[in-house]
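Open your viewer and get ready to select residues by chain and number. We will hop from stop to stop, and at each one I will say what to pick and what to look for.

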Amino acid sequence: MKQRLPFTLAFVAFALILLLGPLRPYLVETAALTPFYADVPIGDFLGEPCGLLLYVSAGLQSCFAVPWLGVLLFVSALATVAYAVRWAFRINDAWFGICWISSFALLANYTQLGYLIYTIKHPAVAFAPALGSLAAFALIGLWFHLQKWWWKLAFLLVTPLAGFWLLGFFGAMVTPFVGFCEMGIARFKQFDGISSQKGFTLRRLFSGNDTKHMLWGFALFTLGMMLPALLQVVLHRPLNVEIGHIPFSSLNRDMRLPWVIALAVPLFYGAIQLDGKRLWITILSAIVFVAAGVATFTYSFRDPNFLNTLQMKHAAEAGQWEQVLQIAKDSKQEPTRAQVCLTRLALFKTGRMGDELFAYPEGSAPYKAPQNQWLRLMIGPLLYYHYGKTGFAYRWAMEDLVEYGERPAYLRYLHRVARLNGEEALAQRYEHALSRTIFFRHTAEDLDLCKVEAAAIRPLMNYTNQLDGDNGLVEFYLLNSFALSEGGSREMVELSLMDGLITKNITGFWPRFMALLPTWNGKIPVHYQEAALMIAQLQGSAPTSEIPIEPAIGQRFQRLVEVSSRMGDNASNALALQSEYGNTFWYYYFFVEGLKTN
Amino acid sequence: MKGPESIYKCIAFVLTMAAVLCSCKPSIPTDYEEVSWSAITSPDNFGATLPPNIAPLNFRILHGDATEAITRLHSKQGGEIIATGWDVCFNVDDWHKLLDQARGDSLFCDIYIKAYGQWVHLPTQHFIIAEEPIDPFITYRLIRPSYVTYEELTLHERSLESFEERVIYENMRFEDSDQGQCINCHMPKNWNRESQSQFHVRQALGGTVFINGDKVRKVNLKTDSTISAGVYPAWHPTQNLITYSVNETGQVFHTLDPQKVEVIDYASDLILYNIDANTVQHVEHTASDFESFPAWSPDGLTLYYISAHYTARADNIDADLDNNYDQLHYNIYARSFDPKTCRFGPRNLVFDAEAIGKSASVPRVSPDGIHLLFTLADYGQFHIWHKSADLWLLPLGTEEERNAMPLQAANSPESESYHSWSSNGRWILFSSRREDGNYTRLYISYFDKQGLAHKPFLLPQRSPLHDLEMLRSYNAAEFLVQAVQPTQRQLRRTIKGNAIPAIYAGSALLNPETVTPDTRTRSEERRSESVGY
């Protein structure tokens with residue numbers, strides 16, 4: 001017990017810090033992407049292989065919506081896996097560190113996904129492997145602890161079918177494995193007698209006591225569970241994760257290696273003569289434990305842009321626009337387009353777009369994931385919804401629901417758009433679906449937030465319907481749609497004005513500017529003053545006296561004109577002027593180039 | 001206790017308990033108040049005319065302020081079923097016994113609810129039970145009301161006499177990460193009397209699957225001379241022939257309109273496929289007219305179809321039609337057919353929808369050949385997305401008698417679209433989005449001898465919440481008099497193999513028209529063969 005406690009505490013502390021620390025927004029997003037409905041009749045999920053495991057796992061995974069609760073359940077399951085390994089393979093306390101290899105692998109299996117959480121068609125990518133492994137190890141333990149032959153016979157009769165039906169791949173693996181153990185262990189024992197003449201290595205590998213054989217068993221079984229995933233690498237062909245819900249298949253290629261190396265220790269233990277050297281065994285097992293922890297931490301997807309985007313998204317969905325801006329401001333690295341889009345939306349919502357938009361970080365940092373429409377997948381419906389393009393918000397929420405399942409994240413926007421469109425019966429259908437979840441009822445029931453959102457969006461819906469397509473390029477479509485639009489509500493004209501500036505299309509500037517001028521009550525937002533000065537200058541004139549330009553802005557512009565006329569090429573100008581003019585439309589217009597929308 | 005004595009006591013106890021349990025039949029309250037407000041149920045099928053062999057019409061009682069509910073379903077002949085609770089689910093056998101009693105008469109439904117401690121009796125509701133039975137099976141596809149993506153698609157066969165449903169074919173087995181598999185349009189010949197039917201498989205392992213008894217074969221109907229493989233099918237009633245539309249279809253999306261999607265044909269023709277000869281012939285082949293949705297008359301001497309004349313306003317068809325999608329109006333036309341020579345006669349206008357500013361689609365002739373049932377909406381042909389779409393009926397008599405009328409009792413403010421006749425012509429199965437404007441559900445309406453439709457009822461489901469909770473749509477439903485024979489395994493085996501290529505054999509017209517080459521341009525990424533109706 002003394003040796004078990006430190007390992008247990010170390011693992012629990014590590015997992016809690018990792019999950020509840022940097023990965024907290026990832027957990028919340030995972031819950032929103034978990035399709036779990038509490039009232040599914042038992043027959044429905046028992047009616048297909050692996051149905052029970054997936055249903056229970058999805059239920060537990062949806063608890064990530066309350067991060068501490070979900071983490072408590074997840075870490076408990078992972079810790080229990082280590083104890084199940086110990087019990088199943090009768091591993092003594094000196095080797096206890098080895099028992100945590102599976103737990104770390106299962107943790108990493110989830111934490112390394114990052115953006116892929118959106119595109120993996122698995123209802124419970126975190127919990128299903130954990131619970132499946134737990135059940136499999138427990139069944140193996142049960143086998144080894146059964147004494148009477150008739151119990152073993154019953155086990156062999158029941159487990160293949162029931163195991164597969166209830167636990168899928170995890171259950172299916174148990175029976176062949178115990179059969180292999182029964183035959184294999186007997187065979188290994190013979191090596192003591194027959195292999196002495198055959199060769200030193202084989203004898204050392206295969207001969208030995210029960211401890212060695214059990215360590216062997218653990219390593220082989222765990223490798224067996226990883227086998228389909230490893231085959232995936234060898235065959236260079238992705239396996240469909242839905243078929244049998246193969247464990248560890250979500251581990252990326254690089255990630256599989258550490259676990260194979262870690263498992264090599266118990267696998268080749270026979271070659272290391274440590275019998276009776278308890279201290280050395282403990283040290284070796286502790287090294288494996290620490291290495292597995294380091295590998296898990298290293299490969300966990302902690303990309304700040306990804307996690308910041310999730311935080312910004314969750315704040316936006318809660319209507320906390322200031323929070324969105326604060327996260328954008330605090331961000332230290334070049335933002336992705338998703339972050340830029342969320343920042344612009346928050347500035348528009350808070351009415352600060354005209355004063356601050358060009359003061360926020362701009363950029364197009366690549367998404368650290370294989371090529372895909374990540375912006376659309378993460379925040380497409382959110383952006384379209386808030387910008388009043390309800391047809392496209394509904395479309396993409398539906399397309400993703402078709403592709404990835406009835407996830408609450410999509411139902412939320414289907415419901416919101418139906419409400420906004422006045423499609424009451426349709427809204428009630430989605431409300432009913434959300435009410436069947438445990439943690440996402442509030443997204444349909446929070447009528448106050450719905451009303452606040454709707455009041456802000458309706459003015460943006462004052463345009464003529466048309467047939468169109470966006471090819472999934474959300475930002476590009478939104479920018480052009482507003483930049484090229486004419487008329488509409490005050491909010492639409494302001495978006496047209498600003499998106500014209502963002503796309504550097506200044507042809508429609510003056511009509512929009514003049515239309516909005518009376519609404520500013522003499523206090524023209526800074527960026528529009530900057531644009532008026534610059535566009536007038538480009539057109540060879542100056543703003544008329546009816547446009548009240550602040551003297552400080554006028555002087556700043558004059559200084560820019562003087563300084564830039566004395567300087568060299570564009571690149572050196574950009575560098576020299578960034579500190580003083582980096583937060584202006586002028587700087588954006590002349591020096592910010594090569595941004596890739598979406 | 002002594003041995004035998006204790007056993008007797010046990011038996012007595014069990015028997016007593018069984019007797020007590022058996023006697024716990026719910027009873028109607030004796031003390032209640034009559035009220036005038038109607039029962040609110042989901043679905044609301046009361047007043048509909050039912051077939052005498054239909055599955056139980058289970059429903060949920062929606063009265064939020066009530067605490068208990070008892071329902072009594074009874075016939076004039078004295079039979080009754082009593083159910084308690086909000087979800088009223090009838091035993092299938094008891095229901096059928098009651099329907100047998102009430103055949104040609106009515107069934108009555110009394111609902112009692114307990115509100116604020118007092119039982120009240122809501123006004124008695126009724127169903128009319130027709131004499132004529134309905135075909136025992138239907139087939140349909142279940143699909144999300146989706147746009148471009150699709151995932152799990154299933155062709156189902158459902159018993160109308162019970163809730164039994166089986167999957168004829170599902171697409172996920174052959175789907176891989178590179179290519180999905182789309183399936184659509186399961187269409188039987190003559191209500192599957194001769195066990196002949198067909199459906200399409202698109203993309204991965206694509207082809208049209210022909211079922212003849214337990215034999216299955218797969219054919220590639222796309223030839224170099226036709227614009228696509230076969231799409232909307234119509235079996236010839238007596239010959240081994242099928243007419244198909246061939247379509248270049250695209251989807252475009254509304255930015256604001258709750259109708260959400262437009263499915264537009266950018267080109268379409270008609271072809272005739274001869275199953276025995278494995279040949280494809282053109283029936284309609286003009287660039288300036290879009291033809292689709294063929295349908296045979298029951299005698300096999302006339303082919304009906306829809307056609308819209310397209311006047312190009314720009315070189316790029318996509319851009320042109322995207323901007324003028326609401327200017328395409330489809331009329332119903334017909335061509336005579338000689339089964340001996342397999343040649344079609346000249347084209348005749350049957351219903352001029354354009355003249356009344358409308359557009360017709362999915363013409364279907366009744367089994368007695370007297371009526372043409374079709375969908376009419378403001379524009380286009382893919383009416384499932386058009387809220388203006390309603391069912392209309394055209395008597396196929398002389399020209400003077402051809403006075404089309406809406407099928408009033410069957411229609412709703414939302415879309416009514418794809419429809420089919422039962423083999424005896426007394427039942428119409430049609431899809432409607434009347435529940436919420438987005439999810440298609442199946443309704444069945446009685447069509448009486450006077451040519452009038454009766455209030456339709458929703459396809460019965462075991463759970464009253466089924467239609468609320470299922471986020472998929474019913475698609476292209478057809479009646480069958482007998483089940484489809486091949487198993488999924490047989491179908492998969494054939495689908496896995498190669499498709500037999502069909503051979504192009506020129507025009508099937510008696511006097512072939514000169515075909516002008518189509519010089520207009522299409523956006524390549526917008527091309528697709530078909531979209532689920």
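Which residues on the other side of α15(A) are exposed? They are A:E322, A:K329 and A:D330, where exposed means that 12 or fewer other C-beta atoms lie within 10 Å of the residue's own, buried means 20 or more, partly exposed is in between, and C-beta atoms are placed from the backbone.

Before going further, some bookkeeping. Residues are numbered from 1 along each chain as its sequence is written, while chains are lettered from A and ligands numbered from 1 in the order in which they are written. This is a predicted model, in which local features need pLDDT of at least 70, side-chain atom pairs count only at pLDDT 80 or more, and totals for chains, interfaces and linings use all residues. Element names come from DSSP runs numbered from the N terminus: helices are H or I with at least four residues, strands are E with at least two.

**Stop 1: helices of chain A**

Stay with α15(A), residues 321-330, and colour its buried residues: A:W321, A:V324, A:L325, A:I327 and A:A328. Looking down the helix axis, these buried residues fall within an arc of 160°, so they line one face of the helix; the arc is that of the directions from the helix axis to the C-beta atoms. Now add α14 (304-317) and α16 (337-349) of chain A, which the buried residues of α15(A) pack against. Contact here means that the C-beta atoms of two residues, placed from the backbone, lie within 7 Å.

Next, select α2(A), residues 24-32, and α5(A), residues 67-88. They pack at an angle of about 90° with their axes 10 Å apart. Axes are lines fitted to C-alpha atoms, for helices over the stretch in contact, and angles run from 0 to 180 degrees between N-to-C directions. The two helices are therefore roughly perpendicular to each other; the classes are under 35 degrees for roughly parallel, over 145 for roughly antiparallel, 65 to 115 for roughly perpendicular, and oblique for the rest. Show A:R24, A:L27, A:V28 and A:A31 of α2(A) with A:P67, A:G70 and A:V71 of α5(A) to see the contact.

For another pair, pick α18(A), residues 374-386, and α24(A), residues 474-483, whose axes come within 10 Å and cross at roughly 30°. These two are therefore roughly parallel to each other. The contact is made by A:L375, A:R376, A:G380, A:L383 and A:Y384 on α18(A), and by A:V474, A:E475 and A:L478 on α24(A).

**Stop 2: where the chains meet**

Show both chains: the contact takes 27 residues from chain A and 25 residues from chain B. On the side of chain A, the elements giving two or more residues are α19 (390-404), α21 (424-435) and β1 (467-468). The largest share, ten residues, comes from α19(A).

Zoom in on β1(A), which two bridges join to β19(B), residues 241-254, with the strands running antiparallel; strands pair if DSSP finds at least two bridges between them. There, A:D468 stands opposite B:F253.

**Stop 3: strands of chain B**

Select β14, β15, β16, β17 and β35 of chain B, an open sheet of five strands in that order with mixed pairing. β14 (181-188) and β35 (500-501) stand at the edges with a single partner strand each, so one side of each is left without a neighbour in the sheet. Six bridges join β14(B) to β15(B), residues 196-203, in antiparallel fashion, and B:P188 has B:S197 as its bridge partner. Add α5(B), residues 488-496: this helix lies across β15, β16 (207-212) and β17 (215-220), running at about 30° to β17(B).

Move on to β21(B), residues 279-284. Five of its six residues are buried, so the strand is largely enclosed by the rest of the structure. What joins β21(B) to β20(B)? Five bridges do, and the strands run antiparallel. Their hairpin has four residues between the strands, and B:N278 takes a positive phi near 55°. B:T279 is the bridge partner of B:N274, and its partner in β36(B) is B:I503. β21(B) and β36(B), residues 503-507, run parallel and are joined by three bridges.

**Last stop: B:I70**

Select B:I70, in strand β5(B), residues 66-75. With 22 C-beta neighbours inside 10 Å, B:I70 counts as buried. Its C-alpha atom is separated by 5.9 Å from that of B:I111, 41 residues apart along the chain. Not counting residues up to four places away in sequence, B:I70 touches B:P26, B:I28, B:P29, B:I82, B:T84 and B:Y112.
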